[in-house]
Amino acid sequence: MLILAGSFFMPGKPGDQNGLPWHIEHPTPDTIRIFGLTLGISTANEAEQRFHEEAKPSLFKSPGGQLVAEMFFEQVELAGLKSRIVISIAVPDAELQAMYERGLRMSGTGSGKKITLASEDVTRLRTLPINSLTYMPPIRLEEGIFIKRFGRPAQRIKEKQSGAIHWLYPQHGLDITLGGAEKPVMQYVPPKDFDKLLQPLLNNGEIINY
């Protein structure tokens, strides 16, 4: 594990950069490119080709009634680490509702309901762009690694309920969630959409000063 964690310190070899979670490109001021995928432009199908894995699609409904379409990658090898990745898909609201109504079955989760999609809706999801990407490495990483690679965050917010701390880098559209002994979670969104990610954190957390 120490050897794997050490790979996060080492500069990537030429051609390996797209597998590194800190290699964030800015094709335009409004978006980012991470793991070779441009958020808001690259499709779910392109993500499957990039990660060499068929994703598991699902539709989630929050207790408040919000619908979100996601595709889950169980084991993606990037920079020598086998990690999990979740992409959320940009689906127009009317289409999301229609997919929900066509759902094959529904099950409860800790934070709402999970709907199994009809095959034609799964096919449709694969043609639509990715609007966020969540990367979950398989190991715990020290805070110093993130400071080394990203610098100090513009803001840190602590969740009141869980105690998890979010390191926020709006210029990169990046939210790193650190939870003590828990493994980190890194969520990427286009910078133009960062306020949508930030506002729920402000509503349910407190700002931590250095």
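Tutor: Let's start with a term: a nonpolar core is a set of buried Ala, Val, Leu, Ile, Met, Phe, Trp, Tyr and Cys residues joined through side-chain atoms within 4.5 Å. Buried means under 20% relative accessible area, exposed over 50%, and partly exposed in between (1.4 Å probe, protein chains only). This is a predicted model, where local features need pLDDT of at least 70, side-chain atom pairs count only at pLDDT 80 or more, and totals for chains, interfaces and linings use all residues. Residues are numbered from 1 along each chain as its sequence is written, and side-chain values use heavy atoms, leaving out hydrogens and water.

Student: Which strand gives the most to the largest nonpolar core?

Tutor: That core has 47 residues, and Phe51 and Leu133 are among those with the most contacts inside it. Strands here are DSSP runs (E, at least two residues), numbered from the N terminus. With six residues, the top giver is strand S4 (residues 67-78).

Student: Which strands stand at the edges of the open sheet?

Tutor: Two strands pair if DSSP finds at least two bridges between them. Eleven strands form the sheet, with antiparallel pairing. Each edge strand has a single partner, so one side is left without a neighbour in the sheet; the edges are S6 (105-109) and S13 (205-208).

Student: Lys196 and Asp193 meet in a salt bridge, but is Asp193 buried or exposed?

Tutor: A salt bridge puts a side-chain nitrogen of Lys or Arg within 4 Å of a carboxyl oxygen of Asp or Glu, and this one is 3.9 Å, N to O. Lys196 is exposed, at 66% relative accessible area. Asp193 has 18% relative accessibility, so Asp193 counts as buried.

Terms used
Helices (H or I, at least four residues) and strands (E, at least two) are DSSP runs, numbered from the N terminus.
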